[in-house]
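Trainee: Could you go through this model with me and tell me what stands behind each term?
Mentor: Gladly, let us look at it together.

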Amino acid sequence: MENFIYHRPTKPADAVKAMKDAADGKFLSGGMTLLPTMKQGLASPSDIIDLGGLGNSGVEVGADKVTVKAGTVHANVAIDKGVKKAIPALAALAGGIGDPHVRNRGTIGGSIANNDPAADYPAAVVGLNATVVTSARSVPGDKFFTDIFTTALKDDEIVTAVEFPVPKRAAYVKFPNPASRYAMVGVMVAELKDGSVRVAVTGAGPKVFRVPEMEKALEANFSADAIGGIKVKASGLNSDMHASPEYRAHLVTVLARRAVAAAK
Amino acid sequence: MDTGIGARVKRKEDHRFITGKGQYTDDINLKDQTYAYFVRSPHAHATIKSIKEPEWAPEDGVVAVFTGEHVAEDKIGGLICGWMIHSKDGSPMKAGPHPILAQGKARYVGDHVAVVIAETKEQAKAAAARVDVTYGVLPHVVDVAKATKSKAQIHDVAPDNTVFEWSLGDKAATEAAFQRAHHVTKLDLVNNRLIPNAMEPRAAIGSYDSGSDHYTLYTTSQNPHVARLVISAFHGLAPEHKLRVIAPDVGGGFGSKIFIYAEEVVCVWASKRIGGRPIKWTAERTESFLADAHGRDHVTHAELAMDKDGHILGLKCHTLASMGAYLSTFASCVPTYLYATLLSGQYAIPAIYAEVDAIYTNTAPVDAYRGAGRPEATYLVERIVETAAREMKIDPAEFRRRNFVTTFPHQTPVIMTYDAGDYDASLKKALEISDYKGFPARKAAAAKQGKLRGIGFANYIEACGIAPSAAVGSLGAGVGLWESAEVRVNPVGTIEVLTGSHSHGQGHETTFAQLVSDRLGVDINSVAIVHGDTDKVQFGMGTYGSRSGAVGMSAISKALDKVEAKARKIAAHVMEAAEGDIEFKNGSFSVKGTDKKMAFGEVALAAYVAHKFPTSEIEPGLKETAFYDPSNFTFPAGCHICEVEIDSETGVTEIVSWTAVDDFGTVINPMIVEGQVHGGITQGIGQALTEGCVYDSESGQLLTGSYMDYCMPRATDVPSFKLGFTETKCPSNPLGMKGCGEAGAIAAPAAVMNAMTDALGVKDLAMPASPHTVWKTLQATKMAAE
Ligand SMILES: Cc1cc2nc3c(=O)[nH]c(=O)nc-3n(C[C@H](O)[C@H](O)[C@H](O)COP(=O)(O)OP(=O)(O)OC[C@H]3O[C@@H](n4cnc5c(N)ncnc54)[C@H](O)[C@@H]3O)c2cc1C
């Protein structure tokens, strides 16, 4: 790891300013992704701006909306009674990320800012039609994840919270990569309060994507059988030693059906 | 509390380990210590055209950079392979040079090209990245099945990359058996390459003292005396009395720490070159993946011949065994004498013929890994026996029973003489524990849930404690395979046992003490086990091949015999009785027919004060040494039954039941033995379901270079094991022990794959049988049906 200048601002504005002034700065949240990349020499930022000093952590549960502040660690989303009641699918998703060490350090802000194609949270953000709140604006979930490891965030923009509308019912089913336990495929199915249905898939492609054909079929008939025959195209899906695009495409349908059956 | 043989004594060493008080090599820091970092080849095969250092600044902290040229300057010998194998045509195996720092060529990704020594580890690593090596990339081959026809010529001495073409058994008799066959079963098998994953990565500290012209090496070794012998005799670094090797606490080995590696030799050699400052190297996990010796990597075709009743008439096979890019310390004996000699399994097979070609590939060296050769043999035998039973429509348990060896000693056609066993007893017990009769009902119930349920057997046999020394010598071993022990009784009756075995997780500090407690009737806490230091223990062969019980403890037992004999003499003098009237029981010496009695500790004190016996006849003191050379291998055997359920939609396999009935002979500590079985089975399940080393054939790069892609089995991948034991004593050693360290890893892969092929209704399935592999198999079966 190379040397860097360490900052620990207490106000978002100071964090943004520190980033503007840095030659090649990086925000730090849980460090579960950033620190290993630095140790391996894959990233060597000039400045580290630790967002831990902002104290921006915690969950607010309202009647129609669950707000998760960006610095909230996965473990706290997983065990939060309010989240478990309002959006059990979200609590379960957070509880299935990594291992206890990772869940007690890794944050929702870091996870979505990083936009790993195999991360779990992007499926929740898109599948539940969440809004990402940043230091500068609000970005609809559908617009936030732009490409592999790339988001709509500007270099000096900080994620401050994610707002999840409370759905009628939802479930997330994950097929973990056998080795890393990231999502080889993960599917969030949600019926929102307005009756619309979302099917969001992570792990299978370069970034999270929706399956409109399944959404339409489920809006007509919210049952596993309604989508049993709907297949996503294998072309363009991820290919590695653990799964071919064809296998991933197959799993999308299997997991989506299981998610529909489990939705609550 | 009983602390003798057979007691479930809690491990004495665990307090130290679980409170963080273990002393591993990386915990040790010497004065003025420097740090080494190795420059490793990024190419699978390349000439080294030049190695250039930049101008170092003082803040770079660089002490020295060494390359193969410096090694040559000091005439430091290369790494050796200690077991000579001859090809069928009588020619000796073709071992290419293996310098401790590459000379002229790098032969696999991760090959040790140069070393940077610096003030701190970070500085060494940063500087290593700045050493400028110019490579000339050469054609490479990583796949053992393609290596003999490849453009890559890895070692000049080995045309077609062939190290040897060896055979065992009677070819003509085997061909004749196949001529007579009613049915022949044919099977192609790949025994997947594995990367060992000891919790503690390899590490070394080399240090040279110019005052006494003496070297010290701390290293993560399973056999420090063998390391000293090799470094002294073959690398030519220093005579043995000028070199001390210490293997302190070692966090797991699984075979991978038997071998003498370049890094440790470099540290101890280079310490002198930098004026005697100690040099520490600790592998990063990535280096462990790249440069620890890997395991397995066989490609095999096998055939089994049966008469019309399913009696096996003959077995033949041809195996390609990858050696990697260099011959590691014991690489050559693994696919030969530790493999083909076990191809008779538990069965009376009249004729066997095995051909093994050992092949160089541009990959990390391959050597012994938990089971070493025996898992490969068991996998072959038990997969083909199960397949034959299915093809002949004979119940697989019944098929095995028909072919079991039932009389002992039994001479197989492949060297081994099985000395004792009862294979039917372990099968019978396993069938009961697993409720074999209830399987069809369980299968039907699973089918209702959309699950494919299958059952598979592995009736393994293995050979531990390889010996006697003269026999292994005649087969090509460069060493003898005996063990030594020294029992030192202190004046107050406490005891130190110095052993040539080395504990790196096995629990010797407990089990060896149990033997002493049992024999001398002393408290287990008054016994200390000393091991792992060539200055303390005179010589020893170390721990591998499940030999520490059968061989190591037998040596201790012999030394204890001598201690007891001398103590009897002393007790007789002190109690003024005839030696023949002395009885020794429960730690006390008594005179037959009287109430005269002395505790063991009192006799020890009498031995040291030496007031009451003629020292002209009996020397003072109580300390005895023994060297024990076994008269035969030991043959642990057993029956494992695995049941799986496969989710036909996702391809996910769950192991829903596991029965293991093992015959290890005498069991010293059932708790420790059960732990060994659990760990072994889990490792075998890893091979079957999750672990597979992948090199990219295009680039030669290791694709499974971290836990992100190399999948170790987890607690959630294994069921709660149902264990049972049968016992036939091993007749060749005084304790009747056979060994238990590798059995699980030997039995498990075949049991899992037999269960999965049963569930899927297929003959072939590759390991690791990941969900993706299973799904592809299901797709292919579906398409074939359509
Ligand atoms: C062993 C292991 C297993 C894992 N398994 C999973 C898994 O199964 N599923 C899964 O989804 N994830 C998994 N992860 C990733 C984990 O969820 C991380 O916590 C997450 O990717 C990053 O969160 P972090 O808080 O640690 O971010 P950091 O590592 O601190 O930062 C990650 C990136 O986001 C940027 N960043 C951080 N916070 C903000 C912010 N508020 N605004 C803008 N940019 C920001 C950083 O600059 C950096 O580029 C795993 C990680 C590990 C180490």
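What follows is a talk about the terms used for this model.

Mentor: A word on the basis: this is a predicted model, where local features need pLDDT of at least 70, side-chain atom pairs count only at pLDDT 80 or more, and totals for chains, interfaces and linings use all residues. Residues are numbered from 1 along each chain as its sequence is written, chains are lettered from A and ligands numbered from 1 in the order in which they are written, and side-chain values use heavy atoms, with hydrogens and water left out.

Trainee: What makes chain B as compact as a globular protein of that length?
Mentor: Take the radius of gyration over C-alpha atoms and set it against the globule rule, 2.2 Å times the number of residues to the power 0.38. For 786 residues the rule gives 28 Å and chain B has 27 Å, which is close, so chain B is as compact as a globular protein of that length.

Trainee: How many helices and strands are there in chain B?
Mentor: Chain B has 18 helices and 28 strands. These are DSSP runs numbered from the N terminus: H or I of at least four residues for a helix, E of at least two for a strand.

Trainee: How do you know that strand 10 and strand 11 of chain B are joined?
Mentor: Pairing needs at least two bridges found by DSSP. Strand 10 (residues 214-219) and strand 11 (residues 243-246) of chain B have four bridges and run parallel, with Tyr215(B) opposite Leu243(B).

Trainee: Why is the unit of strand 10, helix 5 and strand 11 of chain B called right-handed?
Mentor: The word applies if, with the strands pointing away from the viewer, the path from the first strand over the helix to the second runs clockwise. The β-α-β unit that these three elements of chain B make is right-handed.

Trainee: In the open sheet with the order 4-2-6 (chain B), what makes strand 4 and strand 6 of chain B edges?
Mentor: The three strands of that sheet pair antiparallel. Strand 4 (105-106) and strand 6 (132-137) of chain B each have a single partner strand, so one side of each is left without a neighbour in the sheet. Strand 2 (residues 46-52) and strand 4 of chain B share two bridges, and Thr47(B) has Lys105(B) as its bridge partner.

Trainee: What is notable about the peptide bond from Phe408(B) to Pro409(B)?
Mentor: That bond is cis, with omega near -5°. Most peptide bonds are trans. Another cis bond joins Met767(B) and Pro768(B), where omega is about -10°.
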